[in-house]
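Let us read a few side-chain features together. Look over the sequence and the model before the dialogue starts.

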Protein chains: 2
Amino acid sequence: MVDIHAYTRWMPAGLDLSVITRTGVDVVASHGWDGLSTRSVATALGVTPMALYRYVADAAELRDAVLESIVAASAAVRSTGDLASDLADWARRFRRDLEPHPGVAAHLLIAWFDCPAALDRVESLLALAAEHGIEGFEAVARTNAVFTYVLMRCEAERVIRAAGVVRRSLRDDGTGRPRRHLRILASHYTTARFDAHFEFGLRALVAAA
Amino acid sequence: MVDIHAYTRWMPAGLDLSVITRTGVDVVASHGWDGLSTRSVATALGVTPMALYRYVADAAELRDAVLESIVAASAAVRSTGDLASDLADWARRFRRDLEPHPGVAAHLLIAWFDCPAALDRVESLLALAAEHGIEGFEAVARTNAVFTYVLMRCEAERVIRAAGVVRRSLRDDGTGRPRRHLRILASHYTTARFDAHFEFGLRALVAAA
DNA sequence: ACCTGAACACCGTTCAAGT
DNA sequence: ACCTGAACACCGTTCAAGT
C-alpha cells in the first residue's frame, strides 16, 4: 500500500535549537554581534523569521543562546601552580577565541553575569586565586581586572580595525587638553601592533595580581 | 511699511546642536540609552527626523553628543591628598550622576575611549595616582579598576531594577554547577541593598590601590 | 537656509492561516 | 506540529520637494 499522502505531505524544515544556535554563531562570525537578529538567522536558515519562535521565546533568548555557545567554546582556565602565567595564558587564549566573533567582547562586558559559561570562567579564575591564598573581594577585583582587560582590548581592537584609522581621541581630540597621563594608554590603543601592546598590559596586570 | 511677507513667511523651528543635545539627554533620562534615536529626539522636539540631519551627520554623532553632554556634567575628580578617599569620593559621585541616565554606564564601558569627558576623568584619576608615585601601566590598571567598577555596578543595578527580580544566574542558573567562589560576588549583585554593596566593593578596591 | 514627505531597507513581534 | 504571510510599530537614511 502506497501512502499517496507521503508525496504531498508537507515537510518540516527540521529546525531545532542547536541548528538555530549554530547558525547564529556563524552569523556573528561573518556579520558581527550587531548583525545577529531573528531575521538574519532566519534568512541564513532559509526560513521565515517566525519559524524561530517555536524554539526561542524572543530575540533576547536567541542572543543568549548564541553568546553562551561562543563563550562555552572559548578557552577554559588551566592551573599549573604559577598564578601569573596561568592568568596570562588564559587571557591570551580567551582573546584569541573571541577575536573571530566581533562585538561579542563588548556585549560580554555588560552581560557576563547573565552568561553561565562566562561565570564558569570567572569562577575558575577565583579558584585559581584561592589556590594562592587570595580570597574575598581582593580576588574578585584582581581576576575581574584580567577578565575585563581582555574584553576591553578585544573591543578596542575591533573598533580600530573597523574604523581603519588611528583613534584620534586618545591623542588629541580637538579639545586642546593635553592629557599627558593618558599618553601611556594612547600608544596602547592607537597603533596596529595589537599583540605587543596586549602583552605589555597583560604582563603588568598579572604581575600585580 | 509693513512687510506683508512677514505674516506668510515660513518660520524655522529654531533648532541647533545644543537644543538637540539637551533634548537627547532628556530622552535618555526618561527612556534610557536604548530609547535614544533620531526619531525619538525628533518627536520630542516636534520636528521630522530629517530636520536633525542639518546639525548632526548621523545617529552615531547624535549619540556621541548626548553621551559627551551627560559625562561632562558628571562628577569631576577632586584631590585632597588622600588617594583612597579621593578615589572613593569620586566613584560615589560618578555613580550618583550616572544613575538618572539608565544604560549610559553600559555604553560608556565600551565607548569611554571615544568620549572626551570620560578621558578627562581617566586622565584626572591617573594624575591623582601620579601624585602618590603610582605611574605607568600600574596606574592605568588601578584607576581603570575603579572606573569600570562604577560602570559595571551601575549597569548591574539597572538590569536588576529592570528585571524586578533577583539575578538567578549568579546563584544557580540550572546548570547544576555550584560555583562556590562566585557566591562572594552573588550577594553583591543579587540583593536590593545596592548602596551597602557598592560601598563594600569600593572600599576593598581603593584600599588595594 | 531650514525643514517636510515619501520612500526604502532594516528591526521585533502578534495573530491568523496554511499543510 | 511546524511553518508561512500579512500586518504593525519601530529603526536609520536618501532624495526630492516645499517655503
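**Cysteines, rings and charges**

The sulfur of Cys154(A) lies 14 Å from the closest cysteine sulfur, in Cys115(A), too far for a bond. This is a predicted model: local features need pLDDT of at least 70, side-chain atom pairs count only at pLDDT 80 or more, and totals for chains, interfaces and linings use all residues. Residues are numbered from 1 along each chain as its sequence is written, chains are lettered from A and ligands numbered from 1 in the order in which they are written, and side-chain values use heavy atoms, without hydrogens and water.

Q: How many disulfides does a search of the whole structure find?

A: A disulfide is a covalent bond between the sulfur atoms of two cysteines. The cut-off is a pair of cysteine sulfur atoms within 2.5 Å. The search finds 0 over all chains. In chain B, the sulfur of Cys154(B) is 14 Å from its closest cysteine sulfur, in Cys115(B), again too far for a bond.

Q: Is Cys154(A) buried or exposed?

A: Buried means under 20% relative accessible area, exposed over 50%, partly exposed in between (1.4 Å probe, protein chains only). Cys154(A), at 10%, is buried. Cys154(B) is buried at 8%.

Q: How many aromatic pairs are there?

A: Rings of Phe, Tyr and Trp (its six-membered ring) pair if their centres lie within 6.5 Å; planes under 30 degrees apart are stacked, over 60 edge-to-face, the rest tilted. The search finds 16 over all chains. Among them, Trp90(A) and Phe94(A) are stacked, 4.6 Å centre to centre with 20° between the planes. Both Trp90(A) and Phe94(A) are buried.
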